[in-house]
Amino acid sequence: MPAALPVAEAGADVVAAEELAHLLGRGAPRAPDRDSLEAWGRAVGALLPRPATIALEGDLGAGKTTLVRALAQGLGVLDLEAVTSPTFALVHRYDAPRGPVVHVDLYRLKGPEELDALGWDELVDTSPVLLIEWPDRAANSLPRDTITIVLSHDPSEPGRRSLRVLAPAHR
Ligand SMILES: Nc1ncnc2c1ncn2[C@@H]1O[C@H](COP(=O)(O)OP(=O)(O)OP(=O)(O)O)[C@@H](O)[C@H]1O
Ligand SMILES: [Mg+2]
């Protein structure tokens, strides 16, 4: 069946992630203040199919952890105070009704060999939901179906961020 070929080539997981990214991008606020970023994050968390890998890109203070906390809330995580940048541990795990939410912050990653020490491959294979801050540190090791959310500061509007959702093919 020729129509099935592109799916087979890209992998069904990647095709599904492409579609999800487009859907999320259409509903996303373009220049959210903190409240609307959080509201969108909660909505996305509540509808997120599993397994899912979301990379969060953006400078220091862009709002990555803020968005992770909102996603976690939508995913049913109760202990939201635990959702902080896992700067020293690099990896945090939060209990949620449909399986753990795994939150990784790679800011301090020293090199790819440190990914092995983290048990990266197992994290990727076994996390129902994997949320990654500073994903560029692991660029070549990200799953192929990773959806990327990019947050950036707007110097003229300190209380807002620009928000984009990138499908796997556009990373
Ligand atoms: N529109 C907005 N969206 C998100 N955060 C905002 C917004 N406006 C202001 N903020 C503030 O910006 C800060 C964002 O911090 P946060 O820890 O989420 O950033 P981060 O990208 O995770 O930073 P880091 O790279 O240090 O981990 C918070 O103090 C938050 O209240
Ligand atoms: Mg952070």
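**Exercise 1. Strand β1 and its partners**

Which residue is the bridge partner of A55 in β5?

Solution. Before starting, note that this is a predicted model, in which local features need pLDDT of at least 70, side-chain atom pairs count only at pLDDT 80 or more, and totals for chains, interfaces and linings use all residues. Residues are numbered from 1 along each chain as its sequence is written, while chains are lettered from A and ligands numbered from 1 in the order in which they are written.

Step 1. Find A55 and look across to β5, where its bridge partner is T148. The names of elements follow DSSP runs numbered from the N terminus, with helices being H or I runs of at least four residues and strands being E runs of at least two.

Step 2. Widen the view to the whole strands: β1 and β5 pair in the parallel sense over four bridges, where two strands pair if DSSP finds at least two bridges between them.

Step 3. Turn to β4, which pairs with β1 in the parallel sense over five bridges, and in which L130 is the bridge partner of T53.

Step 4. Check the surroundings of β1, of whose six residues five are buried; a residue is buried if 20 or more other C-beta atoms, placed from the backbone, lie within 10 Å of its own, exposed if 12 or fewer, and partly exposed in between.

**Exercise 2. The sheet as a whole**

Determine the order of the strands in the sheet, and explain which strands stand at its edges.

Solution. Step 1. List the elements of the protein chain, which has six helices and six strands and runs α-α-α-β-α-β-β-α-α-β-β-β from the N terminus on.

Step 2. Place the strands side by side: the six form an open sheet with mixed pairing, in the order β2-β3-β4-β1-β5-β6. Because β2 and β6 (161-166) each have a single partner strand, they stand at the edges, and one side of each is left without a neighbour in the sheet.

Step 3. Consider the angles, for which axes are lines fitted to C-alpha atoms (for helices over the stretch in contact) and which run from 0 to 180 degrees between N-to-C directions. With direction ignored, neighbouring strands of this sheet are turned by 15 degrees against each other on average. Helix α2 (residues 12-27) packs on the sheet and touches β5 and β6, its direction making about 155 degrees with that of β6; contact here requires that the C-beta atoms of two residues, placed from the backbone, lie within 7 Å.

**Exercise 3. Helix α4 and the ligand**

Decide whether α4 is largely enclosed or largely open, and describe what it gives to the shell around ligand 1.

Solution. Step 1. Count the buried residues of α4: eight of its 11 residues are buried, so the helix is largely enclosed by the rest of the structure. Among these buried residues are K64, L67 and V68, and what covers the buried residues includes α3, β1, β2 (91-94), β3 (101-105), β4 and β5.

Step 2. Look at ligand 1, which is surrounded by 17 residues, the closest being R34, G63, K64, T65 and T66; a residue is near a molecule if its C-beta atom, placed from the backbone, lies within 6 Å of it. The elements giving two or more residues to this shell are α3 and α4 (64-74), and the largest share, three residues, comes from α4.

Step 3. Sort the shell by class, which gives four nonpolar, seven polar and six charged residues; here Ala, Val, Leu, Ile, Met, Phe, Trp, Tyr, Cys and Pro count as nonpolar, Asp, Glu, Lys and Arg as charged, and the others, Gly among them, as polar.

**Exercise 4. Residues in helix and loop**

Where do D35, P51 and W134 lie, and what is the backbone like at P51 and W134?

Solution. Step 1. D35 belongs to helix α3 (residues 34-47) and counts as exposed because it has 9 C-beta neighbours inside 10 Å.

Step 2. P51 lies in the loop between α3 and β1 (52-57), and the peptide bond from R50 to P51 is cis, with omega near -5 degrees.

Step 3. W134 is found in the loop between β4 (129-133) and β5 (147-153), and although W134 is not a glycine, its phi is positive, at about 55 degrees. Since W134 has 19 C-beta neighbours inside 10 Å, this residue counts as partly exposed.
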